[in-house]
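User: I'm new to reading protein structures, and I'd love a close look at one small spot in this one. Could you start there and then lead me outward, step by step?

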Amino acid sequence: MPAGLSIHVGLNTVDPDRYEGWDGALLACENDARDMARLARAAGFSDTVLLTAECTVDGVTAALREAAGRLAPDDILLFTYSGHGGQIPDVTGSDDEPDALDETLVLYDRQFLDDELYREFQGCADGVRILALLDCCHSGSGIELPGAPEPETGVRLMPVPKQQEIYERDQGFFAELQRSLEKESPDGAAAEPTAILVSACQDNQVASDGPVNGAFTEALLGVWNEGAFRGGHRSFHRAIQSRLPATQSPNLYTTGSPAPAFLNQKPFTV
């Protein structure tokens, strides 16, 4: 019988000592993580919840690797993230990123590249199903805009001037990290993980925070309706999309050519 493991990451702040005085305060991200964990438990998943100061690169990576070590073919990993998103230039040019940018999850101690998340998903055995839900800005292809206007308060975007400041400080580190990730996964070295991503918005959009849940998570929970939803991942994505404005259009993105049975099954099916 398949098993389901879930990891839920929610950050209401980041460490200002690591972000040049910026604490990235948000209201609803810890609530999102708790509510997604509650949904996962009801669907039969075991869950790990990481909140704010626990959401370091080491903490998130350890949770993903522990899960990968336990999952067997036909099992499922659910990964949810709620917090700020960011972008940095892709110096390798090898990711097929149309905007030449790597998307990031803004973890407590530093930004976590989409390529790093992809690498951790690759650690799962062939045949493990992966569902990722990212409630953050720039999340359209977050498992794989400099010059943008400063966003209004209440969006899950690391402010562009702060992104530029942090990138200038850490440019050498990220360039070396991107190159090392490319060397770790040369063409054909590892199979693509079988993953479905449903994200809060497109890569060039921002995602709204809220007083209780983020806009995306609130819409998702409403569509799910305590398990009353009927349909597959594509119809789930469309139903969430219909509840949000055109300025925040959730994306559905896949890697590894998920089987039709996975795409068409009810979300959160263990």
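Analyst: Happy to! Leaving aside its neighbours within four places in sequence, Gly210 is in contact with Leu27 and Ala28. Please keep in mind that this is a predicted model. You will find Gly210 in the loop between strand 8 and helix 5. Is this glycine buried or exposed? Its relative accessibility is 9%, and the cut-off for buried is under 20%, so Gly210 counts as buried. Another glycine can be located from here: Gly154 is 56 residues away along the chain, yet the C-alpha atoms of Gly210 and Gly154 are separated by 7.1 Å.

Now let's step to one side of that loop. Helix 5 covers residues 215-224 and helix 6 covers residues 233-242. The axes of these two helices come within 9 Å and cross at roughly 120°. Two packed helices are described by just such an angle and distance between their axes. Helix 5 and helix 6 are therefore oblique to each other, and helix 5 passes helix 6 in a right-handed crossing. To see who touches whom, look for Phe216, Ala219, Leu220, Val223 and Trp224 on helix 5, which meet Phe236, Ala239 and Ile240 on helix 6.

On the other side of the loop is strand 8, and it leads us to the inside of the model. Strand 8 (194-199) supplies at least two residues of the largest nonpolar core, a group of 35 residues. Which members touch the most others? They are Val9, Leu77, Phe79, Tyr81, Leu105 and Leu107. Strand 1, helix 2, strand 3, strand 5, helix 3 and strand 7 also each supply at least two residues, and helix 2 gives the largest share, with six. Apart from this core lies another, of 31 residues, including Val223 and Phe236; you have just met both of them where helix 5 and helix 6 make contact.

Strand 3 deserves a pause. Seven of its seven residues are buried. In a regular strand the side chains alternate between the two faces of the sheet. Here, Ile76, Leu78, Thr80 and Ser82 are buried on one side, and Leu77, Phe79 and Tyr81 are buried on the other. Strand 3 runs parallel to strand 1, joined by seven bridges, with Gly4 opposite Ile76. Strand 3 also pairs with strand 7 in the parallel sense over seven bridges, and there Thr80 stands opposite Leu133. Tyr81 touches residues from several stretches of the chain, among them Val9, Leu105 and Leu133.

Leu105 takes us to our last stop, an open sheet of three strands in the order 4-5-6, with antiparallel pairing. Strand 4 and strand 6 stand at the edges, each with a single partner strand, so one side of each has no neighbour in the sheet. The twist averages 40° from one strand to the next. Three bridges join strand 5 to strand 6, and Phe112 in strand 6 is the bridge partner of Leu105. Finally, helix 3 lies across strand 5 and strand 6, at about 60° to strand 6. Both strand 5 and helix 3 are among the suppliers of that largest core, which brings us back to the inside of the model.

Note on methods
Residues numbered from 1 in each chain as written. Predicted model: local features only at pLDDT ≥ 70, side-chain atom pairs only at ≥ 80, totals over all residues. Heavy atoms only, no water. Pairing = 2+ DSSP bridges. Helix = DSSP H or I, 4+ residues; strand = E, 2+ residues; numbered from the N terminus. Axes fitted to C-alpha atoms, helices over the stretch in contact; angles between N-to-C directions. Contact = heavy atoms within 4.5 Å. Core = buried A, V, L, I, M, F, W, Y, C linked by side-chain atoms within 4.5 Å. Buried < 20%, exposed > 50% of the residue type's maximum accessible area, 1.4 Å probe, protein only. Parallel < 35°, antiparallel > 145°, perpendicular 65-115°, else oblique. Left-handed = near helix turned anticlockwise from the far one by under 90°.
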